[in-house]
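Me: I am new to this structure and would like a close look at a single part of it. Please take one residue, describe its surroundings with care, and then place it in the wider chain.

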Amino acid sequence: MAFTRATGKHRRPSRLTRTTANVAGVAAITTTGVIGGLAAPALAAADDAAMEHTGLTQAISVGDSLAASIDAQAAAQRQAADDAAAAKKAEEAAKKKAAEEKRKAEAEAKAKAKKEHEEKERAARAAERKRLNTYVAPISGSYVSTGYQTGGAMWSSGSHTGIDFHAASGTSVHAVGAGTVVEAGWGGAYGNNVVIKMNDGTYTQYGHMSSLGVTVGQTVTPGQQIGLSGSTGNSSGPHLHFEARTGEQYGSDIDPIAYLRGHGVGV
C-alpha cells in the first residue's frame with residue numbers, strides 16, 4: 001500500500017528545519033544582547049533533541065545562569081580589588097605613622113641631647129667661674145711665721161709690709177687666685193719675685209723665691225705653681241714673703257691675712 005507524503009501549508013517541519021530555526025532564534029536573541037554572555041561551547045554541547053524539546057526557553061535560561069555567574073565573579077573581583085586597595089592604604093598609613101613617630105622620637109632625642117649638652121656647658125662654665133673666683137693659700141699646709149706690720153730695723157719702712165709663710169727652700173709657691181703676671185724677675189730686697197694683677201683689680205706679690213715659673217703677660221689660675229720658695233734678696237732664711245696691694249707699686253700694701261680671709265682662705 002502506497003503512502004502519499006503530506007504537502008501544503010499544514011505539513012510538519014522536518015527535524016533539521018526545527019533545529020535550525022531554534023538555533024537561529026537563539027543567535028538572534030544573542031545578537032540583540034538578551035543572552036550576550038552565553039558561551040559558544042554551551043551551544044555546541046546542546047544536542048538536537050534537547051534543542052528540539054526546549055527551544056528558546058532553554059537558551060534564555062542558560063544565558064541568565066551564565067550572566068549571574070559572570071556577575072558574581074565580577075563582584076568577587078571588585079571586592080578583592082577593594083580589599084587589596086584598603087590593605088594597601090592601611091599599610092601606607094601604618095608606614096606613614098611609623099615614619100612620623102620615628103621622626104618625632106628623633107626630634108625629641110635630639111632636643112633632649114641638645115638640652116643636656118647645654119646644661120653640661122652651663123654647669124662647666126659655672127664650675128669654671130667658681131674655680132677662677134676661688135682663692136687658695138700661697139703655700140699649702142703652711143702657717144704665718146711673721147705677721148703684717150711687724151716692726152723692726154730689718155725693713156726699710158720700719159715695719160713688715162706683708163706676711164711670711166714658713167717654707168723650706170724649693171717648696172711650691174701658688175698663685176692665690178686668677179690674674180695676669182705683671183712682674184717676674186729680680187725685685188731688689190724682694191729677691192726673685194712675682195707680682196700678679198688679680199682679676200678683681202688688686203695685686204699680690206711673692207718674694208724671696210729660689211726660681212720662677214711664669215713670665216710677664218702670662219695668665220694664671222688659682223693654685224697654679226708660679227715658682228719655688230727660697231731665700232733670695234733681703235732674707236734671713238728660706239720662706240715666702242707674701243703681700244696684698246691696691247696698686248702695683250710698693251707702699252700700696254693692705255693686710256694680707258684680711259685679704260685672704262676675705263676671699264675664703266683660712267689663715
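Reply: What follows looks at Tyr 259 and then at the chain around it.

This is a predicted model, in which local features need pLDDT (the predictor's confidence in each residue, from 0 to 100) of at least 70, side-chain atom pairs count only at pLDDT 80 or more, and totals for chains, interfaces and linings use all residues. Residues are numbered from 1 along each chain as its sequence is written, and side-chain values use heavy atoms, with hydrogens and water left out.

Tyr 259 sits in helix α5, which covers residues 256–262; helices here are DSSP runs of H or I with at least four residues, strands are runs of E with at least two, and both are numbered from the N terminus. Tyr 259 counts as buried because its relative accessibility is 7%, where buried means under 20% relative accessible area, exposed over 50%, and partly exposed in between, with a 1.4 Å probe and protein chains only.

Leaving aside residues up to four places away in sequence, Tyr 259 touches Tyr 135, Met 198, Asp 200, Thr 202, Thr 204, Ala 244 and Ile 254, a contact being heavy atoms within 4.5 Å. With one of these, Thr 202, the side chain of Tyr 259 forms a polar contact of 2.7 Å; the term stands for a pair of N or O atoms within 3.5 Å, where within protein one must be able to donate a hydrogen and the other to accept it, and residues adjacent in sequence count only if both atoms are side-chain atoms. Ala 244 lies 15 residues from Tyr 259 along the chain, and their C-alpha atoms are 7.0 Å apart.

In the wider chain there are five helices and ten strands, and 27% of the 267 residues are buried. The largest nonpolar core has 25 residues, among which Val 194, Ile 196, Tyr 206 and Ile 226 touch the most other members; such a core is a set of buried Ala, Val, Leu, Ile, Met, Phe, Trp, Tyr and Cys residues joined through side-chain atoms within 4.5 Å. Helix α5 is one of the elements that give two or more residues to this core, along with β2 (163–166), β5 (192–198), β6 (203–212) and β9.

As for confidence, the mean pLDDT of the protein chain is 82, and 75% of its residues reach 70 or more. Over residues 1–10, however, the pLDDT is below 50, and this stretch has two contacts in the model beyond near neighbours in sequence. Where pLDDT is low, the predicted coordinates should not be read in detail.
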